[in-house]
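Work through the exercises below with the sequence and the structure at hand. Each task is followed by a solution that goes step by step.

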Amino acid sequence: EEEADPILDFDYMKKFMYEVFISYGVTPERAEICSDVLIESDKRGIDSHGLGRLKPIYCDRMDNGILFPDKPIDILKETETTALLDGNLGLGLYIGPYAMDMAIQKAKKHGVGFVAVKNSTHYGIAGYYATMATDAGCIGLTGTNARPSIAPTFGVEPMLGTNPLTFGIPSDDDFPFVIDCATSTNQRGKIEKYAREGVPTPQGAVIDLDGIERTDTDGILRDMVLGKCALTPVGGAGDKMAGYKGYGWATTVELLCTAIQSGPWG
């Protein structure tokens, strides 16, 4: 008889992540914020961006010096309604909440607030930040570019990030309207989840350099690192299912993120 999968309480999982961040030198206040962003993903059923990403995205990257546990957030430019911040390659999990809170405070005072960040890192689920805004009675908008992983329409090489564009809108119900999704058909975190579950990747989500739609999950993860396969944009490869729409949205996010904060693209 197979043993049932263990069930862990959300509070236990959050405390574990908090202690891990503390062990890396993250300050207690920031460790609390970081663990809250990640556990919110698990609470929403977005298993691709919660506890499962603690090691590969955050711990491994801190181990490799790609991002850092405790860096200052510098204000490079600021007006009454806008700001440009420098995250200095700290954890995006505490940089993102800082930036959205600043935008909310500006909006509360002046009607609108827009804050951009350069030199940030992976900031978890974008919906966390849109919901920060709705909780404050504001309409929230957030997006980010990322490492190249999407192939353009009719292309096969990874050129664009999964580049989410996320909105949160307050409502009269007990919950807001929030749309949080990547501009790719699927994204790496989901494929990592498939690997943990031992299941194939749905056809149409990944294309390789020969134009073949791949479903071999472990091989996909290996070849993504080598640049030998790419995610397809929303709508899939080619134009039969309007993949150019996802490609266009991914490019829009890429251009906005790059132009506004003068950062790298692709």
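## Exercise 1: Cysteines

Task: Find out how many disulfides the whole structure holds, and decide whether C229 and C257 are buried or exposed.

Solution. Begin with the search of the whole structure, a predicted model, which finds zero disulfides. Next take C257, which is in no disulfide, since the nearest cysteine sulfur belongs to C181 and is 15 Å away, whereas a disulfide requires the two sulfur atoms to lie within 2.5 Å. Then turn to accessibility, where buried means a relative accessible area under 20%. C229 has a value of 2% and is therefore buried, and C257, with a value of 14%, is buried as well.

## Exercise 2: The nonpolar cores

Task: Describe the largest nonpolar core, asking which helices and strands supply at least two residues each and which residues F21 touches.

Solution. The starting point is the size of the largest nonpolar core, which has 38 residues, and F21 and L91 are those with the most contacts inside it. The second step is to see where its residues come from: at least two are supplied by each of α1 (10-23), α2 (28-43), α3 (54-63), β2 (82-86), α4 (92-110) and α5 (127-135). Of these, α4 gives the most, with nine residues. The third step is to look at F21 itself, whose contacts, leaving aside residues up to four places away in sequence, include V26, A31, C34, L38, Y58, M62 and L91. Finally, a second and separate core has 12 residues, among them I150, L160, I220 and L231.

## Exercise 3: Helix α4

Task: Compare the span of α4 with the expected one, and say which residue follows the helix.

Solution. Count first the residues of α4, of which there are 19, and then take the distance from its first C-alpha to its last, which is 26 Å. This is close to the 27 Å expected at 1.5 Å a residue. Moving past the end of the helix, one arrives at G111, which has a positive phi near 100°.

## Exercise 4: Strands and their partners

Task: Work out the order of the three-stranded open sheet, say which strands stand at its edges, and then examine how β1 and β2 are joined.

Solution. The three strands follow the order β4-β5-β6, with antiparallel pairing. β4 (140-143) and β6 (177-179) are at the edges, and each has a single partner strand, so one side of each has no neighbour in the sheet. On average, neighbouring strands are turned by 10° against each other, direction ignored. Looking closer at one pair, β4 and β5 (residues 165-169) run antiparallel and are joined by four bridges, and T142 has T166 in β5 as its bridge partner. Across β4, β5 and β6 lies α5, which runs at about 25° to β5.

For the other pair, β1 (residues 74-78) is joined to β2 by four bridges, and these strands also run antiparallel. E78 is placed opposite A83 in β2, and the two strands form a hairpin that has three residues between them.

## Exercise 5: G227

Task: Locate G227 and state which residues it touches.

Solution. G227 sits in the loop between α7 (217-225) and β8 (229-231). With a relative accessibility of 26%, G227 counts as partly exposed. Leaving out residues up to four places away in sequence, G227 touches P158 and L209. L209 is 18 residues from G227 along the chain, and their C-alpha atoms are 8.7 Å apart.

Key:
Residues are numbered from 1 along each chain as its sequence is written. This is a predicted model: local features need pLDDT of at least 70, side-chain atom pairs count only at pLDDT 80 or more; totals for chains, interfaces and linings use all residues. Side-chain values use heavy atoms; hydrogens and water are left out. A nonpolar core is a set of buried Ala, Val, Leu, Ile, Met, Phe, Trp, Tyr and Cys residues joined through side-chain atoms within 4.5 Å. Buried means under 20% relative accessible area, exposed over 50%, partly exposed in between (1.4 Å probe, protein chains only). Contact means heavy atoms within 4.5 Å. Two strands pair if DSSP finds at least two bridges between them. Axes are lines fitted to C-alpha atoms, for helices over the stretch in contact, and angles run from 0 to 180 degrees between N-to-C directions. The expected span of a helix is 1.5 Å times one less than its number of residues.
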